[in-house]
Amino acid sequence: MYKINEIFETIQGEASYTGVPSIFLRLQGCPVGCAWCDTKQTWDVNPTYLVSLDKTVEKKADSEWWAEATSEQILTLFKQREYQAKHVVITGGEPCMFDLVPLCELLHEAGYSTQIETSGTFEIKVPEQTWVTVSPKINMRGGYEVLTSAMQRANEIKHPVAMQKHVEELEDLFEKTGVTPKLVYLQPISQKAKATKLAIDTCMKKNWRLSVQVHKYIGIN
């Protein structure tokens, strides 16, 4: 059973899949404790807020409501809602708190592609064809370390930055894990001008890429 905070269809606004119509499956639960997290409603799994699956679909506002569902129930809901997107982004919370192999395999059999977005602090359990976005959460208050295995599995790195310290932390992580991914995206935190300039300048210097959270600029989820 997967714990689900939210399901909705939109356009992916970040990193390699920017612009791709996608179904977002946001899972509940995360102990990592990122200070700038914009989905803090997904952190705790409080039984008080357990609801039916239909109440997690296309929420009008962020909430701590969550539901339990099997892989089959999730796929059935996609079909009932008549979603047109064929790309599924599994995010959170921290999706790698769950074994995602059964869900992803079922979605692949049904004609969907899959992507996960993870902090890299839990073992990644997905099929080989699942696209893995690791947004490494370094020195967060939860005390979890980014795993070398997660960095090795990553198809892309997407790293939020607000100050030079965040760039240096990423460089240190690459050195510590011995992993230098081919695709590295820097994402300015909160789209602030100073953070954006830092990201642009660093990307130019290191031949990395810029991710600007397109969905926030155009006003969609």
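A residue counts as buried when its relative accessible area is under 20%. By that criterion, both faces of strand β7 are covered in this predicted model. Strand β7 belongs to an open sheet of nine strands with mixed pairing, and helices α1 and α5 both pack against strands of that sheet. The points below treat the sheet, strand β7, the helices and several individual residues in turn.

**The sheet**

- The nine strands of the open sheet follow the order β3-β1-β2-β4-β5-β6-β7-β8-β9, and their pairing is mixed.
- Strands β3 (67-69) and β9 (209-210) form the edges, each of them pairing on one side only.
- Strand β5 (residues 113-118) runs parallel to strand β6 (residues 131-134), and four bridges join the two.
- Within this pairing, Q115 is placed opposite W131 of β6.
- Strand β6 is also joined to β7, in this case by two bridges, and these strands run parallel.
- V134 has I157 of β7 as its bridge partner.
- Strands β7 and β8 are linked by five bridges in the parallel sense.
- P160 has Q187 of β8 as its bridge partner.

**Strand β7 and its crossovers**

- Six of the six residues of β7 are buried, so the strand is mostly covered under the 20% limit.
- On one side of β7 the buried residues are E156, K158 and P160, and on the other they are I157, H159 and V161.
- Strands β6 and β7, together with helix α3, make up a right-handed β-α-β unit.
- From β7 the chain passes through α4 to β8, and this β-α-β crossover is likewise described as right-handed.

**Helix α4**

- Helix α4 comprises 14 residues (residues 164-177), which at 1.5 Å a residue should span 20 Å; the C-alpha atoms at its ends are 20 Å apart, in agreement with that expectation.
- The buried residues of α4 are H166, V167, E169, L170, L173, F174 and T177.
- These buried residues lie on the same side of α4, because they cover an arc of only 160° around its axis.
- E175 and K176 are exposed on the other side of α4.
- The cover over the buried residues of α4 includes α3 (148-153), β7 (156-161), β8 (184-188) and α5 (193-206).
- After α4 comes G178, which has a positive phi near 70°.

**Helices α1 and α5 on the sheet**

- Helix α1 (residues 71-80) lies across four strands, namely β1 (2-11), β2 (21-27), β3 and β4 (87-91).
- The direction of α1 is at about 25° to β1.
- Helix α5 packs on the sheet through β7, β8 and β9, and its direction makes about 160° with that of β8.

**P102 in helix α2**

- P102 is located in helix α2 (residues 101-109).
- P102 counts as partly exposed because its relative accessibility is 42%, which falls between the 20% limit for buried and the 50% limit for exposed.
- With neighbours within four places in sequence left aside, P102 is in contact with Y2 and S71.
- P102 and A150 are 48 residues apart along the chain, and their C-alpha atoms are separated by 19 Å.

**Backbone features in loops**

- The peptide bond from G92 to G93 is cis, and its omega is near 15°.
- G93 has its place in the loop between β4 and α2.
- E82 is not a glycine, yet it has a positive phi of about 55°.
- E82 is found in the loop between α1 and β4, and it counts as exposed because its relative accessibility is 62%.
- N207 is not a glycine either, and its phi is positive at about 60°.
- N207 is found in the loop between α5 and β9, and its relative accessibility of 70% is why it counts as exposed.

Conventions
Residues numbered from 1 in each chain as written. Predicted model: local features only at pLDDT ≥ 70, side-chain atom pairs only at ≥ 80, totals over all residues. Heavy atoms only, no water. Expected span 1.5 Å × (residues − 1). Buried < 20%, exposed > 50% of the residue type's maximum accessible area, 1.4 Å probe, protein only. Arc of directions from axis to C-beta. Contact = heavy atoms within 4.5 Å. Pairing = 2+ DSSP bridges. Axes fitted to C-alpha atoms, helices over the stretch in contact; angles between N-to-C directions. Right-handed = clockwise from strand over helix to strand, strands pointing away.
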